[in-house]
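Biologist: Could you take me through the cysteines in this one? I'd like a close look at how they are paired and how they sit in the fold.

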Amino acid sequence: MNSTEDLSRTVDSKDAFIKSFIVVSFGIIINYINGSFVFIFSRSPVFYMESRYILYIHLVINDMIMLSISVTLNIMIYAVPLVNVSTCCVLLLVGSMTHKNTPLSLAGMAVERYIAICKPLRHSQICTVRRTYMLIILIWTVTFIPELADIVILFLTRPLTIFTSRMLCYPLAIYNTSYHLEKAVAVNVLFLSFVWITLIYTYFRVFFAAKTATTDPVSAKKAQNTILLHGVQLLFCMMSYISPLLEVILLPNDRSKILFSNYLITNILPRFLTPFIYGIRDQKFVSYFKMYFSVCTGKDNKVGDVSLPMLK
């Protein structure tokens, strides 16, 4: 009997180590890539005045925060299962906000691309730097209110001693009342509907505009591929709204494996796609990347046949 229990603990420990190693590895790789884009943005004032790049770098920073907290919580489940509830609430607050920020940010970027392609003459008037930062503030405000409501509900429905107790730092373990469930369903349906409506309207308009306005077949194909990749990323991010419902209905025997797969799909994969869709495929970012690394390696400060200014 003891041998069986020891073997079970060994298998569980090995499984936990493998999962943690995978999560940490992906987190470090993605944050390193995203950090490179943040560095290029911060050293290149040319990006400061374009709403497209401001929205993109906000998405990148948001993903870095989200990944850092998500990986930390994942490791804590195995290393330090019981965490002070007050500390846990703060981590869940920021983690949940950044998690919901991603689809909303992508929706905002979709609207910006729609205006740039379908209303190019008004783009500079509508998508100003000031309005871009106002949109970012609005996104954080919209995602902050539901997460604050979770803490308020917990404060009103549970004794105050819960905030000094230690529990498993997991949303369903902390926010487990019927009020939390009803609020989560209402908020997720609302967010899901808004983002899908935005997705369908803007991307179809951009898709048809690209087909009719672009005479070069290569450019038309590139525009269509970009729209398709944007849609795929948004589709993965949309799963973050239904994942809490999946966690409730999953069978206990399959729960661990399915939850881990669900975590990789909804948390890791969309953040892995971000630098490839918006950064590496963007010619201006690629040019500045090449320039920066040519400076670091001591090569000539040129990209192709175009001489670029030094980074400041």
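Modeller: Let's fix one cut-off before we start: buried means under 20% relative accessible area. Cys-127 comes out at 16% relative accessibility, so this residue counts as buried. Keep in mind that we're looking at a predicted model.

Now for the pairing. A disulfide is a covalent bond between the sulfur atoms of two cysteines. Searching the whole structure turns up one disulfide, and the partners are Cys-88 and Cys-169, with 2.2 Å from S to S. The link between Cys-88 and Cys-169 is right-handed, with 100° about the S-S bond. What I like here is where the two ends sit: Cys-88 belongs to helix α3, which covers residues 85–118, while Cys-169 lies in the loop between β2 (166–168) and α6 (171–174). That puts the partners 81 residues apart, so the bond ties together distant parts of the chain. Both Cys-88 and Cys-169 are buried.

Then there's Cys-89, which takes part in no disulfide. For Cys-89, the nearest cysteine sulfur is that of Cys-88, 5.9 Å away. A disulfide needs the sulfur atoms within 2.5 Å, so that distance rules the pair out. As for exposure, Cys-89 has 3% relative accessibility and therefore counts as buried, too.

Methods:
Residues numbered from 1 in each chain as written. Predicted model: local features only at pLDDT ≥ 70, side-chain atom pairs only at ≥ 80, totals over all residues. Heavy atoms only, no water. Helix = DSSP H or I, 4+ residues; strand = E, 2+ residues; numbered from the N terminus. Buried < 20%, exposed > 50% of the residue type's maximum accessible area, 1.4 Å probe, protein only.
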